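Student: I have a protein model open in my viewer and would like to learn how to read it. Could you walk me through it?

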Amino acid sequence: MPIVVPSFGMRGQASADSLERVLSTCSTAMARAADEADFCTAICTALAGTGGFPLIWTGVLREARITPVAHAGYEPGVPSLLQGGGIDGPEPWAQAVRTGRTVQVKRIRVGHRSAPWRREARENGLLSLLALPLEHGGARLGVLCVFAAQPNAFDEQTAGILQETAACLAFGMRALRSLRRGERQSDLQEREASLRRILAHEPDGTLVVDPEGRVLFANRAAELALGRPRELLLGSHFGYPILTAEWTEVSILRPDHSVLVAELRSVATEWCGQSAYVISMHDVTERKQFEEERAVHVAHLKRAMLNTVDAVSAVLEIHDPYTAGHHRQVARLVEAIGQEMGLSDDQIVGLRIGASIHDIGKIFVPSAILNRPGSLATLERDLIRKHPSVGYAVFKDTEFPWPIAAMIHQHHERLDGSGYPKGLKDGQICREARILAVADVVDAIAAYRPYRPALGTAAALHEIEEGRGVLYDPEVVDACLSLFRNHNFVIEPSMSPDNRESLIDFD
């Protein structure tokens with residue numbers, strides 16, 4: 001929408017009286033302004049209204065760029081005239097700030113390669129421009145841009161009054177900035193005093209350090225934590241990392257040679273008007289000692305549990321000497337498969353325990369059946385197939401941190417539902433049981449059994465490869481095959497009629 005151009009009188013220019021009235025409003029506007037932008041808006045509004053100029057804007061200088069902060073007397077739609085930009089640019093307002101001199105464009109012309117601001121000005125009926133630098137006390141503050149609807153609108157008298165207006169505007173901006181700095185300094189002092197009071201009563205050790213790590217403040221808790229009086233702490237270098245927004249654990253050697261384990265966290269702040277960091281030190285020495293003692297206790301319990309599991313496995317091997325070593329072999333294989341699959345150490349411990357006792361339910365089956373050569377009767381076979389359920393019943397109420405009971409119960413289940421005892425399928429079988437199933441099959445086929453000789457590793461690998469994705473988990477099968485074919489994993493020799501020794505000496 002084009003700018004609505006007001007009447008300027010006989011010559012289309014602002015009268016000296018109207019401009020004088022604008023000049024007289026500067027002190028009142030400065031007294032009433034809430035901030036610098038509010039003050040600049042008041043002057044722009046006065047020039048657009050009382051002064052009769054169709055477009056006025058004020059820009060402030062920030063890091064070698066002019067940023068418009070106030071404007072008046074225009075309809076929206078003139079973005080190029082309110083862009084500001086760098087002070088090295090060719091625009092009149094950039095020249096005014098750069099040179100410190102008033103720049104006048106007597107007639108805004110438009111050519112084939114004219115800058116966008118010129119075309120926009122002409123399209124909106126703006127035909128001349130005065131760009132006045134805003135300076136006070138040798139400091140460049142910004143620029144005042146005044147557009148007129150007539151060419152040659154700024155005669156010597158008009159330009160002079162506008163220059164006085166720019167000088168008043170610059171004075172007001174500088175005064176408001178000084179006032180703001182004074183208020184800010186007062187606010188900072190009050191804030192620092194409040195912060196001191198808060199930090200002094202913090203239960204955690206609290207320090208304030210400068211960006212180089214020198215201590216500016218220390219509360220009583222910090223003195224006690226570090227074992228040093230405040231007088232020695234102030235001005236000294238803290239000596240530990242200053243990381244904001246995250247906890248960092250450090251061990252601090254105190255003068256009495258004791259060690260403080262503390263969690264540190266830093267927050268950026270201001271102290272005495274300068275950048276600083278508040279460091280909180282949370283003493284976790286007792287907690288760390290407790291955690292270390294607990295870790296030792298847990299390690300003892302884990303060793304005791306593993307020894308117990310090994311003892312249970314040994315009892316089963318006494319009951320079924322022909323499968324002696326099967327549990328250890330399967331445990332060794334599941335550990336290797338778990339490592340190949342990238343499982344955690346804790347998960348692998350669970351696999352080892354489950355594998356070591358996965359056939360514990362065979363205690364329920366008479367040795368005569370387990371050790372009988374040749375084929376079994378249907379009832380005998382059905383009895384043996386109950387061993388996963390019996391083993392599950394033994395361990396289902398034992399609170400292991402791993403699904404041991406499920407591993408025992410499901411190690412004969414198959415992905416297609418053809419396994420036993422429940423006929424579970426794919427997603428119903430836990431991951432650990434899938435791993436155990438593959439390891440159990442490989443060792444069972446490769447090793448000697450009372451009813452047949454050892455079939456060897458090749459036959460075992462052929463079985464799981466044929467059943468991959470149908471009977472056995474594909475990921476587990478791939479990991480197992482990789483162990484044998486790429487990492488030279490070997491099944492250890494199993495017990496046979498020619499190689500049978502008692503596991504326990506009964507003499």
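Tutor: Let's go from the overall make-up to the sheet, the hairpins and the cores. Keep in mind that this is a predicted model.

Student: How many helices and strands should I look for?

Tutor: The count is 17 helices and 11 strands. The protein has 507 residues, and 45% of them are buried.

Student: What do the contacts say about how the chain folds back on itself?

Tutor: Look at how far apart in sequence the partners lie. Among contacts between residues at least 6 apart, 58% join residues at least 24 apart.

Student: How do I read a sheet, and in what order do its strands lie?

Tutor: Read across the strands rather than along the chain. Here six strands make an open sheet with antiparallel pairing, in the order 3-2-1-6-5-4. Strand 3 (85-86) and strand 4 (103-105) are at the edges with a single partner strand each, so one side of each has no neighbour in the sheet. Inside the order, strand 5 (residues 128-136) and strand 6 (residues 139-148) run antiparallel and are joined by nine bridges. To find the register, place Pro133 opposite Val143 of strand 6.

Student: Which helix lies across these strands?

Tutor: That is helix 3 (residues 92-99), which lies across strands including strand 1 (55-62) and strand 2 (65-72), and runs at about 150° to strand 6.

Student: And how do I read a hairpin?

Tutor: Follow one strand, the turn, then the next strand. Strand 9 (residues 248-253) and strand 10 (residues 259-271) run antiparallel with six bridges, and Thr248 has Leu264 as its bridge partner. Five residues lie between these strands, and His257 has a positive phi near 75°. Strand 10 then pairs antiparallel with strand 11 (residues 274-283) through 10 bridges, with Ser266 opposite Ile279. Two residues separate strand 10 and strand 11 in their hairpin, where Cys272 in the turn takes a positive phi of about 55°.

Student: Why look for nonpolar cores?

Tutor: In soluble globular proteins, nonpolar side chains tend to be buried together. The largest nonpolar core in this model has 44 residues, and Ile337, Val442, Ile464 and Phe484 touch the most other members. Seven helices are worth colouring here, among them helix 8 (285-319), helix 9 (326-340) and helix 17 (474-486), each supplying at least two residues of this core. Helix 15 gives the most, with eight residues.

Student: What does Ile464 touch?

Tutor: Leaving out residues up to four places away in sequence, its contacts include Val438, Val442, Tyr472 and Leu481. A second, separate core has 28 residues, including Ala33, Ala48, Leu141 and Leu144.

Key:
Residues are numbered from 1 along each chain as its sequence is written. This is a predicted model: local features need pLDDT of at least 70, side-chain atom pairs count only at pLDDT 80 or more; totals for chains, interfaces and linings use all residues. Side-chain values use heavy atoms; hydrogens and water are left out. Two strands pair if DSSP finds at least two bridges between them. Helices (H or I, at least four residues) and strands (E, at least two) are DSSP runs, numbered from the N terminus. Buried means under 20% relative accessible area, exposed over 50%, partly exposed in between (1.4 Å probe, protein chains only). Contact means heavy atoms within 4.5 Å. Axes are lines fitted to C-alpha atoms, for helices over the stretch in contact, and angles run from 0 to 180 degrees between N-to-C directions. A nonpolar core is a set of buried Ala, Val, Leu, Ile, Met, Phe, Trp, Tyr and Cys residues joined through side-chain atoms within 4.5 Å.
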